[in-house]
Amino acid sequence: MNATTTRGALLAALACVLVGGSFTANSLLGDYPYAGGQFLRYALAFLLLVPFAGPGARDRLRSLGAGRWLRLALLAAVGMVGFNLAVLAAERTAEPAVPGVFVGCAPMVVAVLVPLLDGRRPQRVVLYGALFVAVGAFTVQGWGRTDGAGIAFSVCALVGEVGFAVLAVPVLRPLGPRLLSTVVCGVAAAESALAGVLIDGSGWLRRPDAVEAGALLWQAVAVTVVGFVCWYMGMQRIGAERATLFSGLIPVAAACTAPLVGTGSYGAAQAVGSALVCAGVAVGSGASPRFRGRVPTRRQRVSERSLEKL
């Protein structure tokens, strides 16, 4: 791995570790209105990101056509607001491990979908790495009680996780990681407010208590501001296929941080699953010397133009 791909891998890994910590923070927000919490999270992140949007932000936004603005709205609705809503809905009738297992399959889906949209064959080494990651995520979380609704909403969560990466590809180059993160947070805040009014009515927003405020602050600053920018910076450097491999670190981070707030434990299964995830990331990203020469080249990465035509 050269310096660019190494930095990209580290950025993607950091972003996914931070997102994994957000699952633990979610356990502290069980009594807070969903849409209101999402609104506060994304609105605060938007305000914090605006000063760092970069020079020429207005000109770059004006140059976006209607198609790209629609894609940004879909990215926020599917990959952010919709993803979190799907996880919450799934956990009403299923144990948290169930949506976690489905989301852990995202690297497999992206490893197949992105190359096909780019008009090329999936890379075997990335598929092997994604398979290790998916098995490792399952081992970390296990399987829990569920029903048809829980599985259906878990599939929706998987779609949201995939959409968060794939939908961003055509707008990442013209906007850059910081401006892209800023815009989607602003759009997601507006969508959350609308969803709150429609779903919860006048009770969609209330003042959080001290614990809830701490969890929302962590989600806004660490997970959204730092995590989103790092994620898109990493994806810019190593491509969506390899960046999504690092999403396997999300359940690992969640399992490691859960004992800190008394919502879980870290045992032998979590250790084995963590090792499988790390092995999958090493194989698929090219960190393993045996597979280093088989990772996708720069020309084989996702083509923004081909995806933009969809």
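Along the sequence, the protein follows the pattern α-α-α-α-α-α-α-α-α-α-α-α-α. Its secondary structure comes to 13 helices and zero strands. The model is predicted.

**Overall figures**

The protein has 310 residues, of which 52% count as buried. Its accessible surface comes to about 13,900 Å², and carbon and sulfur atoms account for 66% of that area. Among contacts between residues at least 6 apart in sequence, 88% join residues at least 24 apart.

**Aromatic residues in α8 and α10**

The structure holds four aromatic pairs. In one of them, the rings of F164 and F228 have their centres 5.1 Å apart. Their planes stand at 55 degrees, so this pair is tilted; the range for that label runs from 30 to 60 degrees. F164 lies in helix α8 (residues 148–166) and F228 in helix α10 (residues 210–245), so the pair ties together parts of the chain that are 64 residues apart in sequence.

F164 also forms an aromatic pair with Y232, and this pair is tilted as well. Here too the link is between distant parts of the chain, with F164 in helix α8 and Y232 in helix α10, 68 residues apart. The two pairs that involve F164 are set out below.

| Pair | Centre to centre | Angle between planes | Arrangement |
|---|---|---|---|
| F164 and F228 | 5.1 Å | 55 degrees | tilted |
| F164 and Y232 | 5.4 Å | 40 degrees | tilted |

F164, F228 and Y232 belong to one aromatic cluster, which also includes W231. Are the members of these two pairs buried or exposed? F164 is buried, with a relative accessible area of 10%. F228 is buried at 6%. Y232 has 0% relative accessibility and therefore counts as buried. The cut-off behind these labels is a relative accessible area under 20%.

**R120 and its partner**

R120 is found in the loop between α6 (106–117) and α7 (124–141). Although R120 sits in a loop, its relative accessibility is 15%, so R120 counts as buried. Which side chain does the side chain of R120 contact? The partner is the side chain of E241, and the polar contact between the two spans 2.5 Å. Residue 241 falls within the range given for helix α10 (residues 210–245), the helix that also holds F228 and Y232.

Methods
Residues numbered from 1 in each chain as written. Predicted model: local features only at pLDDT ≥ 70, side-chain atom pairs only at ≥ 80, totals over all residues. Heavy atoms only, no water. Helix = DSSP H or I, 4+ residues; strand = E, 2+ residues; numbered from the N terminus. Buried < 20%, exposed > 50% of the residue type's maximum accessible area, 1.4 Å probe, protein only. Polar contact = N/O pair within 3.5 Å; in protein donor to acceptor, adjacent residues only side chain to side chain. Contact = heavy atoms within 4.5 Å. Areas by Shrake-Rupley, 256 points an atom, 1.4 Å probe, with all protein chains shown as cover. Phe/Tyr/Trp six-rings, centres within 6.5 Å; stacked < 30°, edge-to-face > 60°.
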